[in-house]
Amino acid sequence: MPPIAVLVAKLAAAGIQVPKGPVRADGYGDSPELSMALIELIRTGPKRAGTGLLWAMEKDGDTMPRVGDLEIVVDHDFEPVLLTRITRVEVRAFNEVGAEYAAMEGEGDGSLECWRQGHWRFFSRE
């Protein structure tokens, strides 16, 4: 992941000013195709939540997101494509994720079963 300052400068060069406050960066998916598909879901509105593995964040030395953080979303080439704000953070066991949250992720058909299958495959690769 490029340094935050580099991503902020790239956004500024595109005419996008990042508001003051804590800024983090993250990407979605583990392939160019999945990355772009998930970014498009965020851009068009169905994807209003994201899920990561706590142990992977700890292993990578990443800090937990906090409510109010700005997040620069990068594509698979680590180029900034979106700026979002974290509005809620929860830590849950995989089997405690419910249908409402699965629908907020906006992937597949929005069902809990689809969420579980897709995330199990993704987390298994991770």
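**Exercise 1. How many bridges join β2 to strand β3 (residues 80-85), and do the two run parallel or antiparallel?**

Before the solution, a word on the model: it is predicted, so local features need pLDDT of at least 70 and side-chain atom pairs count only at pLDDT 80 or more, while totals for chains, interfaces and linings use all residues. Residues are numbered from 1 along each chain as its sequence is written, and side-chain values use heavy atoms, with hydrogens and water left out.

*Step 1.* Strands here are DSSP runs of E with at least two residues, helices are runs of H or I with at least four residues, and both are numbered from the N terminus. Two strands pair if DSSP finds at least two bridges between them.

*Step 2.* Between β2 and β3 there are 5 bridges, and these two strands run antiparallel. One of the partnerships joins Leu70 to Arg85 in β3.

*Step 3.* The two strands form a hairpin with 5 residues between them. Phe78 lies in this loop between β2 and β3, and its phi is near 65°, a positive value in a residue other than glycine.

**Exercise 2. Find the strand that pairs with β2 in parallel, and describe how β2 is covered.**

*Step 1.* Strand β1 covers residues 23-27, and 5 bridges join β1 to β2, the two running parallel. Within this pairing, Val23 has Leu70 of β2 as its bridge partner.

*Step 2.* To judge cover, use the relative accessible area: buried means under 20%, exposed means over 50%, and partly exposed lies in between, with a 1.4 Å probe and protein chains only. By this rule, strand β2 (residues 70-74) is mostly covered, since 5 of its 5 residues are buried.

*Step 3.* In a regular strand the side chains alternate between the two faces of the sheet. In β2, Leu70, Ile72 and Val74 point one way, whereas Glu71 and Val73 point the other way, and all are buried.

**Exercise 3. Which side chain meets that of Glu71 in a salt bridge, and which parts does the pair tie together?**

*Step 1.* A salt bridge is a side-chain nitrogen of Lys or Arg within 4 Å of a carboxyl oxygen of Asp or Glu. The partner of Glu71 is Arg24, at 3.7 Å from N to O.

*Step 2.* Glu71 lies in strand β2 and Arg24 in strand β1, so the pair ties together parts that are 47 residues apart in sequence.

*Step 3.* Glu71 is buried, with a relative accessible area of 5%, and Arg24 is buried too, with a value of 13%.

**Exercise 4. Trace the salt bridges made by Glu90, and place them in the wider search.**

*Step 1.* The side chain of Glu90 meets that of Arg88 at 2.9 Å, N to O, and it also meets the side chain of Arg92 at 2.7 Å, N to O.

*Step 2.* Glu90 is partly exposed, with a relative accessible area of 40%; Arg88 counts as partly exposed at 49%, and Arg92 is partly exposed at 47%.

*Step 3.* A search of the whole structure finds 9 salt bridges. Elsewhere in the chain, Lys47, Glu105 and Glu107 are linked in a network of such bridges.

**Exercise 5. Which residues gather in the patch of negative charge on the surface, and which make the nonpolar patch?**

*Step 1.* Patches are made of residues with over 30% relative accessible area and no salt bridge; like charges are joined within 9 Å, and nonpolar side chains (Val, Leu, Ile, Met, Phe, Trp, Tyr) within 5 Å. Asp and Glu count as negative and Lys and Arg as positive, while His and the chain ends are not counted. The place of a charge is taken as NZ of Lys, CZ of Arg, CG of Asp or CD of Glu, and accessible areas come from the Shrake-Rupley method with a 1.4 Å probe, where for residues only the protein chains shown count as cover.

*Step 2.* The negative patch gathers Asp26, Asp60, Asp62 and Glu126. Asp26 lies in strand β1, and at 31% relative accessibility it counts as partly exposed.

*Step 3.* The nonpolar patch, of about 240 Å², is made by Leu54, Met64 and Val91. Val91 lies in the loop between β3 and α4 (99-105), and at 55% relative accessibility Val91 counts as exposed.
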